[in-house]
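Biologist: I have a new model open and would like to learn how to read its features one at a time. Could you walk me through it?

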Amino acid sequence: HSLHAVTYSMDSLEISHLFRIHTRYIAGDLPNWLAARAAAREHEDFLNLPFLRPYIRIYGAAPLTYAHSDEDYRAVIAEATEYAAEIGQPFWIVAGQIWLAHEAVRNADPESATAALEAATDQTRAIGLHMGQAYHMATLARCFAQTGRPQDAQDAIHEALSENQVGRDLI
């Protein structure tokens, strides 16, 4: 099925592994979360298609931003985002930036984190990326509230709820 990956710049089995990483963490199933992460990495090695690296590494590491893992995932997302830029994958540049911004929310000062996440959500809006947007906007609302921007917080919550109401983002 490597030709499928070459044709569509994704691999159906790999995407199922990547979704399992998210769903197993959200479900609180730590053993299968770890197994899904290992399966995704093994399949990436099996495919041996470097142009898939941004997609696999960014989406595979994204749960670590909300899992509050002690693992140093920032370098993985940053490297994959840089590689996406090198090989001309704008979608994965934006996706990498949004998850790097979530890492900043967790580890940087509130003002820097807010600026990073605000810029990243502007990028996701600009390219029409709705997957995860309700989560991103709810997190941005919290950042706005922490930095004394209550109206911006209210607007971000409204956008998050709107994403869910129209059914674009139900994760």
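**Reading the model, feature by feature**

Modeller: Gladly, and let us begin with helix α4: eight of its nine residues are buried, so the helix is largely enclosed by the rest of the structure. Please keep in mind that this is a predicted model.

Biologist: Which residues of α4 are buried?

Modeller: They are P54, Y55, I56, R57, I58, Y59, G60 and A61. The word "buried" stands for a relative accessible area under 20%.

Biologist: And what covers the buried residues of α4?

Modeller: The cover includes α2, α3, α5, α6 (74-87) and α7.

Biologist: Let me zoom in on one residue of that helix. Is P54 buried or exposed?

Modeller: P54, which sits in helix α4, has 0% relative accessibility and so counts as buried. Leaving out residues up to four places away in sequence, P54 touches Y59, A80, Y83, A84, I87, Q89 and W92.

Biologist: How far is P54 from S162 in space?

Modeller: Their C-alpha atoms are 29 Å apart, with the two positions 108 residues apart in sequence terms. S162 belongs to helix α10 (residues 150-165) and is partly exposed, with a relative accessible area of 23%. For another pair, take S162 and A134: they are 28 residues apart in sequence, and 8.1 Å separates their C-alpha atoms.

Biologist: Now to aromatic rings. How should I describe a pair of them?

Modeller: A pair of aromatic rings is described by the distance of the centres and the angle of the planes. This structure holds eight aromatic pairs. One of them joins Y66 and W99, with 6.4 Å centre to centre and 55° between the planes, and is tilted.

Biologist: Why does the pair of Y66 and W99 tie together parts that are apart in sequence?

Modeller: Y66 lies in helix α5 (residues 63-67) and W99 in helix α7 (residues 90-107), so the pair links parts that are 33 residues apart in sequence. Both Y66 and W99 are buried.

Biologist: What kind of pair do Y66 and Y135 form?

Modeller: Theirs is edge-to-face, at 5.9 Å centre to centre and 75° between the planes. Since Y66 is in helix α5 and Y135 in helix α9 (residues 133-146), this pair ties together parts 69 residues apart in sequence. The accessibility of the two partners is worth a look too: Y66 is buried, with a relative accessible area of 17%, whereas Y135 is partly exposed, at 32%.

Biologist: Which residues do ring pairs link into a cluster?

Modeller: The cluster is made of Y25, W33, Y66, W99 and Y135.

Biologist: I also see arginines beside some rings. How do I read those?

Modeller: Look for the charged end of the side chain over the face of the ring. Here the charged end of R37 sits over the ring of W33, 5.3 Å from its centre. In a second case, R53 lies over the face of Y83, at 4.0 Å from the ring centre.

Biologist: What about a histidine, such as H22? Is H22 buried or exposed?

Modeller: H22 lies in helix α2 (residues 12-26) and is buried, with a relative accessible area of 8%. A polar atom of the H22 side chain lies 3.1 Å from the backbone oxygen of Y59. Setting aside neighbours within four places in sequence, H22 is in contact with Y59, A62, P63 and Y66.

Biologist: Next, pockets. How much space lies in the second largest pocket?

Modeller: About 230 Å³. Of the 15 residues that line this pocket, the closest to its centre are R37, R41, G60, A61 and V76. At least two lining residues come from each of α2, α3 (30-47) and α4 (53-61), and α3 gives the most, with five residues.

Biologist: One last feature, the backbone angles. Which loop holds N48?

Modeller: N48 is in the loop between α3 and α4. The residue has a positive phi of about 50° although it is not a glycine. With 59% relative accessibility, N48 counts as exposed.

Technical notes
Residues numbered from 1 in each chain as written. Predicted model: local features only at pLDDT ≥ 70, side-chain atom pairs only at ≥ 80, totals over all residues. Heavy atoms only, no water. Phe/Tyr/Trp six-rings, centres within 6.5 Å; stacked < 30°, edge-to-face > 60°. Helix = DSSP H or I, 4+ residues; strand = E, 2+ residues; numbered from the N terminus. Buried < 20%, exposed > 50% of the residue type's maximum accessible area, 1.4 Å probe, protein only. Lys NZ or Arg CZ within 6 Å of the ring centre and 35° of its normal. Polar contact = N/O pair within 3.5 Å; in protein donor to acceptor, adjacent residues only side chain to side chain. Contact = heavy atoms within 4.5 Å. 1 Å grid on protein atoms, 1.4 Å probe; cavity = no way out; pocket = protein on both sides within 12 Å on 5 of 7 lines; lining within 4 Å. Points joined across faces, edges and corners; volume = space filled by probe spheres on them.
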